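Biologist: I've got a model open and I'd like to go through it with you. Mind if I fire off some questions?

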Amino acid sequence: MKSTLNSIISKQKWLPIALANMVFAALLAIVSPVFLTLSNFQSMLIQSGVTAIMAIGMTFIIITAGIDISMGAILFFCSALFAQLLQDTQSYWLAFSAAIACATLLGTINGVLVTRFKISPLITTLATYSIYRGMAIHLTGAQNIPVPREMGFLGNGKLFGLPVPIILLIVIFILGVYLLNHTRLGLYAKAIGSSARSANESNLPVTKVTVAVYAIGGMVTGISALILLARVGGLQSGIGIGIEFTVIAAVILGGTKLTGGSGTIVGSVFGAFFLVLIDNGLNLVNASPYIYDIVRGSVLLAAVAVDRLSAKRQESRLIQIKKQRLEHNHATN
Amino acid sequence: MLAANSVVLIASIGMTLVFLIGGIDLSISTVISASAVISGLAMAATDSIFIGVLTAIGVGFSFGLINGILIGFFGLTPFITTMATQLIARGIAFVLSQGIAVQGTPYGLMDFGFLSFLGVPAVTWIGLAIVIICIILLTQTQWGRHLMLIGSNRNAARFSGINVRFTEISVYCLSGLLAGIAGFISISNLGNAIPGVGDTLLLLVIGAVVLGGTTMNGGEGSIARTVLGIGLLSVLISGLNLIGIPFYDQLIIQGVLIFIGTWLAMKLSARRH
């Protein structure tokens, strides 16, 4: 029984975080009567939407053993471009398509730089983080720009009885799962993450796939940017600062490893939910907002430590089985 | 200009050592804030600069020790571990200070901030002393040679009997300790312990290190190169300030420079091999 459970967990990397979500949600439900209300759940889902959508893109990038530190800057750039264009032209369609196109372009630039110059993705995207953020502030002249009230539709509005951010999350989630598990792009991304050299030697389109995952990361960041902008109600200078670390935390909590090669989108989305659950719990006990960082950091540490310990245990068990087999062979010979 | 840069200089030396062993320490930036805040509180309570220095160093060292044990002993990934301690340190800095500058630092500290010798601020002398000590540690001691070897080939280092765990833990401790000193110096520069002081430093610190040509893969680079990287960055920044380039355009230029610098350093080292 225990071994089957272990094997299920080792195959379905997202199960631990899903269980953690349920246990923590049950705890909160016991502690607080407010927690189990429909409106609380809805607001939690909407809250996690921005991170979860970005985490889906980040999962693709991390699966190829890459990373994108510039996501927060892309988010900020898109928000700035959208707000500025909307203010200048009053055309929703123009602003909307330009923002999404630009986000994809910025992601693509990351991908091209990473593949063309072969500098580590961390340094490359750290450099573009600085560049994109500077460009965005340059664009708006460091001003806060409000967006019209109709924009709120994207943040809180409802379509077919469901909040729009949740619909967007579901659509992107389904597309992401399909791309990762049922297309060549997903397969090749995993191959590149497992071993870039083997992928190169077996003539996989490494450059194309790598650029594609960064472009996907940029595009979903653009969508998140618009949702966030709608919820915040306007462009503020602090938008997107540090969000890349929250997104990476969600992906890691979901069981995806930074070394690449494997990972699940379900896990990352659950990871994003879990972070919001923690916020919700802290909110229910009226904790100081400054404590949130401490708790998030500790949860992340606990998660990787538990993961590391279970991996070690599994390794030592494998070695034991091998030893037993060797002894068995000796005995029969 | 020199005084303001000594915070970045001291923090970058720690980052260089961590890069050389093949790791990364994202927590340096907010450990600076945490040690500044805690040391500020200690000084406000005791009115003693000496206790403030000790507290800052102790806080930095403790964070480094936590990082080192988690990475060196338990084998966690440096990136995630230090990302988590970065969050924790930031939280601690903001919780203890309630998000505002700590009041009541002793006046003597301001004098220390303005103190200078041969026209060079005292804090810069401290930075230079740390540079020299760390260069000696890295190039003249067994510890330094072990560190370089672990960075260039971890398995070979382990098989040749080097205590990889101890060296790794000590590197993160040192990097934390230097962040603590940087935190204290930030108080004497600004006159107050500010909880957000380290938030924007991460880009500058990593930028200075990679601009100097120390690679993230470990085993290649030196402290002298980082000092060069900082010199380049600070001359650039003050030059841009002088001709009135706004900060956001400076961000763009810094990003481009970091990228091109890293690329050039990589090209040069590839040619040498």
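Biologist: Let's start with one side chain: is Lys208(A) buried or exposed?

Modeller: Keep in mind that this is a predicted model. Lys208(A) sits in helix α11 of chain A, residues 206–232. There are 12 other C-beta atoms within 10 Å of Lys208(A), and a residue with 12 or fewer counts as exposed. So Lys208(A) is exposed.

Biologist: And how far apart in space are Lys208(A) and Ser310(A)?

Modeller: In sequence, 102 residues separate Lys208(A) and Ser310(A). Going C-alpha to C-alpha, the distance between them is 36 Å.

Biologist: Over to the other chain: is Ser35(B) buried or exposed?

Modeller: Ser35(B) belongs to helix α2 of chain B, residues 28–46. Beyond its sequence neighbours up to four places away, Ser35(B) touches Ala56(B), Val59(B), Gly60(B), Ala179(B), Gly180(B), Gly183(B) and Phe184(B). The cut-off for burial is 20 or more other C-beta atoms within 10 Å. Ser35(B) has 35 such neighbours, so Ser35(B) is buried.

Biologist: Which element gives the most to the side of chain A that touches chain B?

Modeller: The contact involves 34 residues of chain A and 34 residues of chain B. On the chain A side, α6 (121–140), α12 (243–253) and α14 (291–332) each supply at least two residues. With 13 residues, the one that gives the most is α6(A).

Biologist: How many residues on that side of chain A are nonpolar?

Modeller: The side of chain A that touches chain B also has 9 polar residues and 4 charged ones. The nonpolar count there is 21.

Biologist: Now α6 of chain B: why do its buried residues end up on the same side?

Modeller: The buried residues in α6(B) are Val123(B), Gly127(B), Ile130(B), Cys134(B) and Leu138(B). An α-helix has 3.6 residues a turn, so residues three or four places apart point the same way. Here the buried residues of α6(B) share a side because they cover an arc of only 65°.

Biologist: What does the face of α6(B) turned away from that buried side carry?

Modeller: Helix α6 of chain B, residues 122–140, reaches 26 Å between its end C-alpha atoms, close to the expected 27 Å. Its face turned away from the buried side carries exposed residues, namely Ala129(B), Ile132(B), Ile133(B), Ile136(B) and Gln140(B).

Biologist: What span should helix α5 of chain A have?

Modeller: α5(A) runs over residues 92–117, which makes 26 residues. Its end C-alpha atoms are 37 Å apart, and that agrees with the span expected at 1.5 Å a residue, 38 Å.

Biologist: Which residue follows α5(A)?

Modeller: Look for a positive phi, near 55°. The residue that has it, right after α5(A), is Lys118(A).

Biologist: Which element gives the largest share of the side of domain 1 of chain A that touches domain 2 of chain A?

Modeller: Domain 1 of chain A covers 13–287 and domain 2 covers 291–333, with their C-alpha centres 31 Å apart. Each contributes 8 residues to the contact. On the domain 1 side, α12 and α13 (265–284) of chain A give two or more residues. The largest share, 4 residues, comes from α13(A).

Biologist: Last one: how far apart are the end C-alpha atoms of residues 226–245 of chain B?

Modeller: An unreviewed UniProt entry annotates residues 226–245 of chain B as one of its transmembrane regions. The span is 85% helix and 0% strand. Its end C-alpha atoms lie apart by 25 Å.

Technical notes:
Residues numbered from 1 in each chain as written. Chains lettered and ligands numbered in written order. Predicted model: local features only at pLDDT ≥ 70, side-chain atom pairs only at ≥ 80, totals over all residues. Contact = placed C-beta atoms within 7 Å. Nonpolar A, V, L, I, M, F, W, Y, C, P; charged D, E, K, R; others polar. UniProt positions renumbered as here; feature names shortened; annotations may be inferred. Expected span 1.5 Å × (residues − 1). Arc of directions from axis to C-beta. Domains from an automatic or database assignment.
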